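Student: I should like a close look at one part of this model, namely a pair of packed helices. Please state the criteria behind each term.

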Amino acid sequence: MRAGAENLLRATTNNKVREQVLLELSFVNSDLQILKEELEGLNISVEVYQNTEGTFSIPLVPLGLKETKEVDFTLPLKDFILEHYSEDSSEYEDEIADLVDLRQACRTPSRDEAGIEMLMSYFLQLGFIENRFFPPTRHMGVLFTWYDSFTGVPVCQQNLLLEKASILFNIGALYTQIGTRCNRQTQTGLENAVDAFQRAAGVLSYLKETFTHTPSYDMSPAMLNVLVKMMLAQAQECAFEQISLPGIRNEFFTLVKMTQEVAKVGEVYMMVNTAVTQEPVKENIPYSWSKLVQIKADHYRALAHYFLATILCDHELQSNDDEDQQEKALSQLYDYVPEGVMILTILKDKVQRKQLGKAHLRKAIVYHEEALRVCGLCKKLRNIEVLLEVLTAAHKRSLLKYAQQETEDDFLSLIQAPDILPKTEHKVEMVAPQFSKVKVKDFFHRLGPLSVFSAKQRWTAPRTIHFHCETGELGFSLKGGSPVQIYCLDPVCSAASAGLKEGDYIVSVGGVDCKWLGVNEVLEKFRSVGEQPIEFEVISCQDTTASMHSKSATYSVGMQKTYSLICLAMEENKTDQAKKTPLKLPFLSWGTKNRQKAASTLCLPSAVAGSSQVKKKLSPFTLLGTESSLY
């Protein structure tokens, strides 16, 4: 509706129509803003998932899980098992049911380590499913629908990569919810919170690096970059709370350390605040999140100036103090000092100490007042009582400290408080997802080793070889791991006459599945038959075609183009132009190579070295390797 009204506004020259359209647009934009705020409250509220125990801490930001529709794998997988693997698909109904149940459970995981493990298990299981059932040459007809965590816009694809990326996002989101639920009044709770946010950042970073063409706003590279920074900032915030939990002693060197630590928290939140105000993230990040980030940046910078002011106002240099140590410690807090001011002079001169201390207090008060002002701008944040209590208490403390200082020289003091250099001894870093710790068994293990029985390989239907072992010799050798492969086949043996080919894989002996058996185990089964005729089933590998383009058809209702989608569109145009003017020589050479490959796969080797040339000339597949055969 808004797009149509905007088009009409651009096209019309009638003033009355323009006024009517502008009025309608204002109503539409107002309604959309109200709707956006209501949607924001459903899945991305700051108050959700917070620790319920009494706490006096600023709330943390959790990510909401992406929602999805149900997916029934039953029909597509059963059809593929019958068509591709030539097996009775009804025998795999339990495995398919297990897969469907696991996905259904992943829609509502528990907010703990068990939920994380379940999501990781499904993510790893999707790796097996992708290799076994999703060939690169065509789509399986399974439609995955996921909703954007921020906007609620649905995205649908037949590409399994959307499913994998969305599960990864939910793993990261679940880590953030675990982090916010931790009890921040205990050392253990804060340690767990730091770890959870570091792991969340690691998962989201892995998602950004691994899946680069995601058509959903919440998984776009720009948004994920912001979310990674936000989670690391929250981890740094919890690390500061952890070292300050026992209490902050009013002692010179302790306050120096705490000043730098809290300044580091303010710095990382300033970086996040800069990132959330950039396009295209600015339009999609929740308003309450962006304002909370700005509040935290101001609040923690104010605390840094308050701590430094306390150092200067409460700790005069005594005769038994180490001047050099205090001068060195204080100089590390500044990148520069006001002109004409020396650190040692400040330490020794009571008046200059108080003047600089009051300058830092004034700056702290300014930051506190800005944090309170921004909090009042956001309806959701000003309704969070604990947030207002923390900000108000810090503001009053700075005002009280300033009031305790002598005020008669305020009009004469022109010193501006310099910025404080941040530094931390508790640097937080991303923790990469540790999928190797989650043990997962392939649901479709019975189909055979994945290195051989995959969707990328094409096979003939199983053939039954029925032959009698003559003079105790099979007429062929076995090689490989599981499954075993025929090689050194004697072309005149009874097995070859029964249809056995060089390179065939043995899948069963005497009706017993042996896809996972080695050479010795298969030979033992042959020996156990004795003098009876041997019956076993084999399959032959067929030539594989070139893989299909990795991009899949995508639609998203009402969603604007993201940067990655625009790139995909540009690539599509380039592809279309390339298709219009194909180069003849590469096409011919491609056809030749693939036909030669087919010939090498299908031709039977000769048992006698001297007759190999004659058989090669007589083979009909050999002719396909010549240039003249292409015309």
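Tutor: The following account concerns the packing of helix 6 against helix 7. The model is predicted, with local features requiring pLDDT of at least 70 and side-chain atom pairs pLDDT 80 or more, while totals for chains, interfaces and linings use all residues. Residues are numbered from 1 along each chain as its sequence is written, and side-chain values use heavy atoms, without hydrogens and water.

Two packed helices are described by the angle between their axes and the distance between the axes. Helix 6 spans residues 160–181 and helix 7 residues 187–210; helices here are DSSP runs of H or I with at least four residues, numbered from the N terminus. Their axes lie 8 Å apart at an angle of about 165°, the axes being lines fitted to C-alpha atoms over the stretch in contact and the angles running from 0 to 180 degrees between N-to-C directions. Helix 6 is therefore roughly antiparallel to helix 7, a term for angles over 145 degrees. The crossing of the two helices is left-handed, meaning that the near helix is turned anticlockwise from the far one by less than a right angle.

In the contact (heavy atoms within 4.5 Å), helix 6 contributes residues including Leu168, Phe169, Gly172 and Tyr175, and helix 7 residues including Ala196, Arg199, Ala200 and Val203. By class, the contact comprises 14 nonpolar, four polar and one charged residue. Here Ala, Val, Leu, Ile, Met, Phe, Trp, Tyr, Cys and Pro count as nonpolar, Asp, Glu, Lys and Arg as charged, and the others, Gly among them, as polar.

Key:
Parallel < 35°, antiparallel > 145°, perpendicular 65-115°, else oblique.
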